[in-house]
Amino acid sequence: MKLTAKKIIKPIFTAASLLSTAVLTLAYLFGNHLPDHFQVVEGSSLTFQHMPVRAVYNDSALSQAELGDTALAGSEYSVDLKLFGIIPVKEAQVDVVGQMYVVPSGTTFGIKIFTEGVLVVGMSDVDGKEGLSNPAKNAGIKEGDIILSIDGQTVSSNEDVAAVIEKSEGRSLRMELQRDNMTFTVAFTPVLSATEDKYKAGLWVRDSSAGIGTLTFYDPATGIAAGLGHGICDVDTGDLLLLSSGELVGAKIHNVVKGKAGSPGELRGQFTDGTLGNLLMNGETGVYGRTADLSASGQWMKIAMKQEVETGPAQILTTIDDGEPRLYDCEIEKVHFNDESLTQNMVIRVTDPELLEATGGIVQGMSGSPIIQNDCLAGAVTHVFVNDPTKGYGIFAENMYNSAKSVAGASAQKAS
């Protein structure tokens with residue numbers, strides 16, 4: 001059969017169009033996947049693990065490798081990220097830093113946290129003479145609001161709130177509240193409860209929280225310890241608790257509730273005598289405090305930059321009984337560079353038979369357990385998948401280290 005030029009060119013053109021579309025789609029996906037900002041250690045260049053993306057220095061005749069050899073800590077530069085080193089993906093900023101070293105922990109610790117103001121966690125009607133009513137709700141107060149003051153009096157405990165309201169004698173009170181980082185004032189009139197004979201506003205409030213987690217690392221250079229890998233949120237509202245003061249204390253595991261699909265497990269324990277240090281921040285990436293020197297508890301280890309973390313074998317350093325931290329095998333199945341979710345940077349799966357037998361996988365209380373890969377601290381465990389306790393999320397160690405550095409700087413500035 002004789003083929004015409006038209007019949008030959010058409011499938012070639014179609015194939016070329018499909019290939020071009022696929023490549024552009026891939027470039028678009030990488031553009032959304034990769035962040036706009038990276039850190040590299042002095043003496044190294046920006047490279048990606050198992051990814052067909054190359055960083056091209058866009059402001060000099062120097063190659064990326066040559067730049068990595070000459071750029072000093074504290075400097076910064078821009079790169080073009082290109083698919084296969086050819087097709088533009090996006091521009092990114094690169095900060096050059098000194099090598100980051102910490103002492104991984106994996107020990108269980110306790111957290112005592114007192115909130116800034118008093119958190120509204122619920123509402124209930126008051127049984128007044130005129131029937132059921134809720135003065136707080138009617139005034140526009142919502143769950144998750146933080147009560148800062150009532151009638152000009154600063155409140156910092158449940159008892160403070162109750163005392164001011166009970167002494168109101170039914171007169172209108174002004175309450176200063178904080179919601180979504182905005183401060184405002186509402187007026188409400190307490191109602192005399194027929195059954196309790198006390199003036200009430202119809203509020204349920206909380207001023208403190210406590211729990212057990214895992215310490216991720218200690219930074220000997222700053223004296224800051226980091227743990228959990230996620231912030232402490234109120235169990236009722238889900239909102240991050242605003243820290244007024246807090247304490248890091250020792251803890252001892254006495255029991256493990258094994259996790260199963262649909263029912264997360266739990267490390268159960270108790271606080272031990274003595275304190276480890278003061279809690280300085282409860283933030284999105286974890287809890288941070290200044291402690292006594294914990295460097296004797298382990299060996300110094302490099303922090304892996306996020307672009308150095310790769311899918312493949314790793315280990316979790318954690319404590320599941322009254323003994324010392326131990327290493328257990330796991331697999332990093334996915335790596336996410338999404339800066340909008342700082343605590344869900346990787347998906348990990350527990351593969352160690354001993355840990356699976358003891359806990360079923362990841363359980364509550366293991367949050368903050370260091371993830372070790374290629375002799376570097378790659379991250380920390382943050383969440384368990386409810387329907388599959390063998391899997392969970394992890395945070396990049398780089399994110400926690402940057403937070404710890406900020407806490408150290410703020411603490412030093414406050415002290416001066």
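This report describes the empty spaces and the cysteines of one protein structure, which is a predicted model.

When a probe the size of a water molecule is rolled over the atoms, it shows where empty space is left. A search of the whole structure in this way finds 1 cavity of 30 Å³ or more, and the table sets the volume and lining of the largest cavity beside those of two pockets.

| Space | Volume | Nonpolar lining | Polar lining | Charged lining |
|---|---|---|---|---|
| Largest cavity | about 50 Å³ | 5 residues | 2 residues | 3 residues |
| Largest pocket | about 820 Å³ | 16 residues | 13 residues | 4 residues |
| Second largest pocket | about 390 Å³ | 9 residues | 5 residues | 6 residues |

**The largest cavity**

The lining of the largest cavity includes Thr 115, Glu 116 and Leu 119, together with Ile 146, and also Asp 234, Thr 237, Asp 239, Leu 240, Leu 241 and Leu 242. Strand S6, which covers residues 108–123, supplies the largest share of this lining, with 3 residues.

**The largest pocket**

The largest pocket has a volume of about 820 Å³, and of the 33 residues that line this pocket, Ile 212, His 230, Cys 233, Val 235 and Gln 364 are the closest to its centre. Three strands each give two or more residues to the lining, namely S15 (203–219), S18 (266–283) and S25 (376–385), and the largest share, 7 residues, comes from S15.

**The second largest pocket**

In the second largest pocket there is about 390 Å³ of space, and the residues closest to its centre, out of the 20 that line this pocket, are Lys 200, Ala 201, Gly 202, Leu 203 and Trp 204. Two or more residues of the lining come from each of strand S7 (126–128), helix H4 (158–166), strand S14 (199–200) and strand S15. Helix H4 gives the most, with 5 residues, while strand S15 also contributes to the lining of the largest pocket.

**The cysteines**

A disulfide is a covalent bond between the sulfur atoms of two cysteines. How many disulfides does a search of the whole structure find? The search finds 0 disulfides. Is Cys 330 buried or exposed? Cys 330 counts as buried, because its relative accessibility is 2% and the cut-off for buried is under 20%. Cys 233, which is among the residues closest to the centre of the largest pocket, has a relative accessibility of 35% and therefore counts as partly exposed, since this class lies between the buried limit of 20% and the exposed limit of 50%.

Key. Residues are numbered from 1 along each chain as its sequence is written. This is a predicted model: local features need pLDDT of at least 70, side-chain atom pairs count only at pLDDT 80 or more; totals for chains, interfaces and linings use all residues. Side-chain values use heavy atoms; hydrogens and water are left out. A disulfide is a pair of cysteine sulfur atoms within 2.5 Å. Buried means under 20% relative accessible area, exposed over 50%, partly exposed in between (1.4 Å probe, protein chains only). On a 1 Å grid over the protein atoms alone, a cavity is a set of points where a 1.4 Å probe fits but cannot get out, and a pocket is an open set with protein on both sides within 12 Å along at least five of seven lines; lining residues have an atom within 4 Å of a point. Grid points are joined across faces, edges and corners, and a volume is the space filled by probe spheres set on the points. Helices (H or I, at least four residues) and strands (E, at least two) are DSSP runs, numbered from the N terminus. Ala, Val, Leu, Ile, Met, Phe, Trp, Tyr, Cys and Pro count as nonpolar, Asp, Glu, Lys and Arg as charged, and the others, Gly among them, as polar.
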